[in-house]
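Me: I should like to work through this structure in a series of questions and answers. Please set out the reasoning briefly and end each reply on the value or name requested.

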Amino acid sequence: MSNIEKQSNLFSLAIEMSLDGIVMGDVEGNITYVNGALAKMQGSNDKNEFIGRHVLEFIVESDRARATQNSINSIKTGEGWAGKFIARLKNGQTLPIEITATPIKNENGVPIGFIDIVRDISERVQNQKSWRKLTENWSWQTRDS
């Protein structure tokens, strides 16, 4: 096995073993690859059911315009972006996620696709809500003393 083949194999293993969901697609937003973590996050055991679908199908309608604008800006500038969105899961439920999206460029620097890292932030959101509730109660107690 050549060094290039070893590096390619290592890269493939790293993407597949990532705890975060990874989605790759073309510049139109059509999915060409998802890793196992993304499929699991969506409640699926079959990564292939995502191939060919548009990435916006998995974002709630109220977040789609913002995600689209971020993607358009990314293609124009060639730079990545990050944002928080609500994902629509296979079973119809929703999940707060954080997306880091980066254009994939050819040897001439022209965007030819994208790679998104998708992280489930539901625990973080719940902890923030709990913290706010705790500090609101604490604020009232200190003002009354």
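Reply: The model is a predicted one. The mean pLDDT of the chain is 90, and 94% of the residues reach 70 or more.

Me: In which element is the confidence lowest, and in which is it highest?
Reply: Where pLDDT is low, the predicted coordinates should not be read in detail. Helix α4, residues 122–144, has a mean of 70, the lowest in the chain. At the other end of the range, with 98, is strand β2 (residues 31–34). The lowest confidence is thus in α4, and the highest in β2.

Me: In what order do the strands of the sheet lie, and which are the edge strands?
Reply: The sheet is open and has five strands, with antiparallel pairing. Their order is β2-β1-β5-β4-β3. An edge strand pairs on one side only, and this holds for β2 and β3.

Me: By what angle are neighbouring strands of this sheet turned against each other on average?
Reply: The angle is taken with direction ignored, and it refers to neighbouring strands of the five-stranded sheet. The average is 30°.

Me: How many bridges join β1 to β5, and which residue of β5 stands opposite I22?
Reply: Strand β1 covers residues 21–26 and runs antiparallel to β5. Six bridges join β1 and β5. Opposite I22, in β5, stands I117.

Me: Which residue in the hairpin of β1 and β2 takes a positive phi?
Reply: β1 and β2 pair in the antiparallel sense over three bridges, with M24 opposite Y33 in β2. Four residues lie between the two strands of this hairpin. The positive phi, near 95°, belongs to G29.

Me: Which residue is the bridge partner of I86, and which turn residue of the β3–β4 hairpin has a positive phi?
Reply: β3 and β4 run antiparallel and are joined by eight bridges. I86 has its bridge partner in β4, namely P96. Five residues separate the strands of the hairpin, and the turn residue with a positive phi of about 95° is G92.

Me: Which side chains of β3 point to the buried face?
Reply: In a regular strand the side chains alternate between the two faces of the sheet. Along β3 (residues 81–88), A82, K84, I86 and R88 point to one face and are not buried. The side chains that point to the other face and are buried are W81, G83, F85 and A87.

Me: Which element gives the most residues to the lining of the largest pocket?
Reply: The largest pocket holds about 370 Å³ of space. Of its 23 lining residues, G29, V55, A67, S71 and F114 are the closest to the centre. Two or more lining residues come from each of α3 (61–77), β4 (94–105) and β5 (111–120). The most, six residues, come from α3.

Me: How many residues of the pocket lining are nonpolar?
Reply: The lining of the largest pocket divides into three classes. Seven of its residues are polar and three are charged. The nonpolar residues number 13.

Me: What is the volume of the largest cavity?
Reply: The count comes to one cavity of 30 Å³ or more. Among the 14 residues that line the largest cavity, L38, Q42, F58, I97 and V118 are the closest to its centre, and α2 (36–41), β4 and β5 each supply at least two. The lining divides into twelve nonpolar residues, one polar and one charged. The volume is about 140 Å³.

How values were computed. Residues are numbered from 1 along each chain as its sequence is written. This is a predicted model: local features need pLDDT of at least 70, side-chain atom pairs count only at pLDDT 80 or more; totals for chains, interfaces and linings use all residues. Side-chain values use heavy atoms; hydrogens and water are left out. On a 1 Å grid over the protein atoms alone, a cavity is a set of points where a 1.4 Å probe fits but cannot get out, and a pocket is an open set with protein on both sides within 12 Å along at least five of seven lines; lining residues have an atom within 4 Å of a point. Grid points are joined across faces, edges and corners, and a volume is the space filled by probe spheres set on the points. Ala, Val, Leu, Ile, Met, Phe, Trp, Tyr, Cys and Pro count as nonpolar, Asp, Glu, Lys and Arg as charged, and the others, Gly among them, as polar. Buried means under 20% relative accessible area, exposed over 50%, partly exposed in between (1.4 Å probe, protein chains only). Two strands pair if DSSP finds at least two bridges between them. pLDDT is the predictor's confidence in each residue, from 0 to 100. Axes are lines fitted to C-alpha atoms, for helices over the stretch in contact, and angles run from 0 to 180 degrees between N-to-C directions.
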